Amino acid sequence: MAHDSVTQLNGHHDTFAAANGHGYPGQLQISENELWLLSYYRESELAGALLMGRLARETDDDDLRVRLTEHCAEEARHAWAWTETILRVGGSPKRVSETYQSRYHAAVGNPSNLLEVLALTQIFERRVVRHFRAHLSWPGTHPEVVKTLQQLINEEAGHIRWVKDRLDAYAALNGESIVSDMLDRFKRIDEQVYNELKEYATCFDKVAGPKVNGPDSIEHRLRRVAADAIGRDASSIPLDTSLVDLGVDSLDLVVFMMAVEEEFQVEFTKEQQKGLRTLRDVAVALAMRGRT
């Protein structure tokens with residue numbers, strides 16, 4: 001497929017399809033609303049991979065480190081499965097402003113111990129399977145979407161099994177009530193998050209699309225993004241402290257800069273990022289771009 005013949009979608013050329021030769025439809029074969037939803041699935045899988053990778057780096061449990069690394073790799077593979085699916089139905093992945101995990105995080109913050117990690121993962125993966133099964137039953141679901149849903153349902157079941165085994169082992173050592181109480185806590189949060197999202201079933205761009213920012217200053221919003229990314233209270237983050245001193249390592253920095261770009265709808269090149277040593281540097285760079 002020549003570059004000039006690639007159909008223009010959503011205001012820009014499908015450059016991925018052009019760069020990879022041929023085989024992708026020239027027109028979108030699903031609704032715009034479902035394209036936003038599939039892009040949300042994709043972004044949530046990416047967020048899950050980043051979270052599992054971070055947890056794998058931080059745990060002192062050798063077996064858990066292996067499990068979380070495998071889980072990280074599979075979540076990333078699932079993100080690619082949704083990317084391919086979107087391309088096969090004639091679309092390009094939308095740039096999504098939030099994920100299911102970010103809604104969890106708003107409710108509970110970062111998981112602070114092994115039990116929270118296991119419980120959160122178990123409840124989230126169960127939700128994914130239930131929702132994907134429901135999506136399979138929606139009338140008019142595209143065959144490519146059906147194929148990916150079925151594939152991921154089968155693979156998510158493996159996540160649920162290993163987490164359940166670890167929860168059972170934790171309960172045997174620490175008591176069943178502490179595990180059941182934690183699971184119940186996350187179930188309530190999950191129901192709240194899911195029910196909120198269901199209200200946007202026919203207009204999912206209002207959830208996943210660009211956010212309309214309020215009157216907050218750049219500095220206030222930047223502190224909030226940093227707090228979410230590194231698990232600190234926003235009021236305790238001075239603008240002039242270096243990112244390294246804040247405990248931002250190489251992986252944290254990637255997550256943080258991704259969050260900044262999503263919050264302010266900008267993109268920083270690698271060269272530009274090299275000059276951003278403090279939060280104030282980031283704030284100045286944003287102000288110069290007019291991101292007020």
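Is V266 buried or exposed? In this predicted model, V266 has a relative accessible area of 3%, which is under the 20% limit, and therefore counts as buried. The residue is located in the loop that runs between helix 10 and helix 11, the latter spanning residues 270-274. Its C-alpha atom is separated by 8.3 Å from that of L286, a residue 20 places away along the chain.

The chain has 292 residues, and 45% of them are buried. Its secondary structure consists of 12 helices and 2 strands. In sequence order the pattern is β-β-α-α-α-α-α-α-α-α-α-α-α-α, with the strands ahead of the helices. Of the contacts between residues at least 6 apart in sequence, 73% link residues that are at least 24 apart.

The largest nonpolar core contains 50 residues. Within this core, the residues that touch the most other members are Y40, W82, Y100, F132 and F204. At least two core residues come from each of helix 2 (32-58), helix 3 (62-88), helix 4 (100-108), helix 5 (114-136), helix 6 (143-174), helix 7 (176-198) and helix 8 (205-208). A second core, separate from this one, has 20 residues, among them V225, A227, I237 and L276. In soluble globular proteins, nonpolar side chains tend to be buried together. For F132, with residues up to four places away in sequence left aside, the contacts are Y41, E45, W82, L149, L152 and I153.

Helix 4 has Y100, Q101, R103 and Y104 as its buried residues. Viewed down the helix axis, these buried residues fall within an arc of 160°, so they line one face of helix 4. They pack against helix 2, helix 5, helix 7 and helix 8. One of the four, Q101, is also a contact of A47, which touches T99 as well when residues up to four places away in sequence are not counted. A47 itself is placed in helix 2. Between A47 and V255 there are 9.2 Å in space, C-alpha to C-alpha, although the two are 208 residues apart in sequence.

The model contains 2 cavities of 30 Å³ or more. The volume of the largest cavity is about 90 Å³. Its lining is formed by G48, L51, M52, H71, E75, Q101, Y104, L120, T121, F124 and E125. Q101 and Y104 thus appear both in this lining and among the buried residues of helix 4. Helix 2, helix 3, helix 4 and helix 5 each provide at least two lining residues, and the largest share, 4 residues, is that of helix 5. Sorted by class, the lining of the largest cavity comprises 5 nonpolar, 4 polar and 2 charged residues.

The second largest pocket has a volume of about 520 Å³. It is lined by 26 residues, of which L37, Y41, H131, W138 and Y194 are the closest to its centre. Y41 is also one of the residues touched by F132. At least two residues of the pocket lining come from each of helix 2, helix 5 and helix 7. Helix 2 makes the largest contribution to this lining, with 7 residues. The lining of the second largest pocket divides into 13 nonpolar, 7 polar and 6 charged residues.

Two glutamate positions were also examined. E196 lies in helix 7 and has a relative accessible area of 31%, so it is classed as partly exposed. The C-alpha atoms of E196 and V207 are separated by 9.9 Å, with the two residues 11 places apart along the chain. E263 belongs to helix 10, which covers residues 250-264. At 21% relative accessibility, E263 is partly exposed, because the buried class is limited to values under 20%. E263 and P210 are 8.6 Å apart in space, C-alpha to C-alpha, and 53 residues apart in sequence.

Conventions:
Residues are numbered from 1 along each chain as its sequence is written. This is a predicted model: local features need pLDDT of at least 70, side-chain atom pairs count only at pLDDT 80 or more; totals for chains, interfaces and linings use all residues. Side-chain values use heavy atoms; hydrogens and water are left out. A nonpolar core is a set of buried Ala, Val, Leu, Ile, Met, Phe, Trp, Tyr and Cys residues joined through side-chain atoms within 4.5 Å. Buried means under 20% relative accessible area, exposed over 50%, partly exposed in between (1.4 Å probe, protein chains only). Contact means heavy atoms within 4.5 Å. On a 1 Å grid over the protein atoms alone, a cavity is a set of points where a 1.4 Å probe fits but cannot get out, and a pocket is an open set with protein on both sides within 12 Å along at least five of seven lines; lining residues have an atom within 4 Å of a point. Grid points are joined across faces, edges and corners, and a volume is the space filled by probe spheres set on the points. Ala, Val, Leu, Ile, Met, Phe, Trp, Tyr, Cys and Pro count as nonpolar, Asp, Glu, Lys and Arg as charged, and the others, Gly among them, as polar. The arc is that of the directions from the helix axis to the C-beta atoms.
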